[in-house]
Amino acid sequence: MKLSRVESTRSRHRRVRRKVSGTGDRPRLAVFRSNQHIYAQVIDDVQQHTLVAASTVEPEFKTKSSANCDASSQIGKLIAERSLAKGISSVVFDRGGKLYHGRVKALAEAARAAGLEF
C-alpha cells in the first residue's frame with residue numbers, strides 16, 4: 001500500500017519527533033514549509049513555549065516572493081539573529097518531516113552561517 005505525500009510527511013515527522021526534543025539548554029528549531037511560505041520556531045519542549053519565531057508572512061516579506069530558497073535563507077538568518085539576541089546559541093534541528101534539501105536546507109545553512117550551532 002502506497003502512502004500519499006501528506007501521509008509520508010506525517011510519518012517521517014513522527015519518526016523524527018520520537019528522537020528530537022528541545023530542552024531549555026538546547027531548544028528545538030522547528031521548520032514548517034508550505035507551498036507559499038516557510039516558518040521557523042525555536043521551541044522549548046519542556047516548558048512548551050515558543051522562544052523565537054520568524055516566517056515569510058511577516059510584514060517585511062509581504063512584497064517579496066516567499067516561496068524560494070532566497071526567502072528561506074533570509075528566514076534562517078533572521079531566526080539565528082533573534083535566537084542569539086535571546087542568548088540561544090545551540091539548537092536541535094527539526095526538519096518537520098520534510099526532506100533535507102531545497103528550502104529546508106537553505107534555511108538550515110543560513111542559520112548555521114549566522115551563528116547557530118546544530
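Two strands count as paired here if DSSP finds at least two bridges between them. Keep that in mind for the views below, which come from a predicted model.

**View 1. Arg28 and the parallel partner of β1.** Arg28 has its bridge partner in β4, namely Val92. That contact belongs to a parallel pairing: β1 and β4, the latter covering residues 92-94, are joined over 3 bridges.

**View 2. The β1-β2 hairpin.** Now for the other partner of β1. Strand β1 spans residues 28-33 and β2 spans residues 38-44, and the two run antiparallel with 6 bridges joining them. Together they make a hairpin, with 4 residues sitting between the strands. For a handy landmark, look for Ala30, which stands opposite Gln41 of β2. As you follow a strand along, remember that in a regular strand the side chains alternate between the two faces of the sheet.

**View 3. The largest pocket, close to its centre.** The largest pocket holds about 500 Å³ of space. Its lining has 24 residues, and those closest to the centre are Thr9, Phe32, Arg33, Gly96 and Lys98.

**View 4. What the pocket wall is built from.** Which elements each supply at least two residues of the lining of the largest pocket? They are helices α1 (5-19) and α3 (103-113), plus both hairpin strands, β1 and β2. Helix α1 gives the largest share of this lining, with 6 residues. Sorted by class, the lining of the largest pocket splits into 8 nonpolar, 8 polar and 8 charged residues.

Conventions
Residues are numbered from 1 along each chain as its sequence is written. This is a predicted model: local features need pLDDT of at least 70, side-chain atom pairs count only at pLDDT 80 or more; totals for chains, interfaces and linings use all residues. Side-chain values use heavy atoms; hydrogens and water are left out. On a 1 Å grid over the protein atoms alone, a cavity is a set of points where a 1.4 Å probe fits but cannot get out, and a pocket is an open set with protein on both sides within 12 Å along at least five of seven lines; lining residues have an atom within 4 Å of a point. Grid points are joined across faces, edges and corners, and a volume is the space filled by probe spheres set on the points. Ala, Val, Leu, Ile, Met, Phe, Trp, Tyr, Cys and Pro count as nonpolar, Asp, Glu, Lys and Arg as charged, and the others, Gly among them, as polar.
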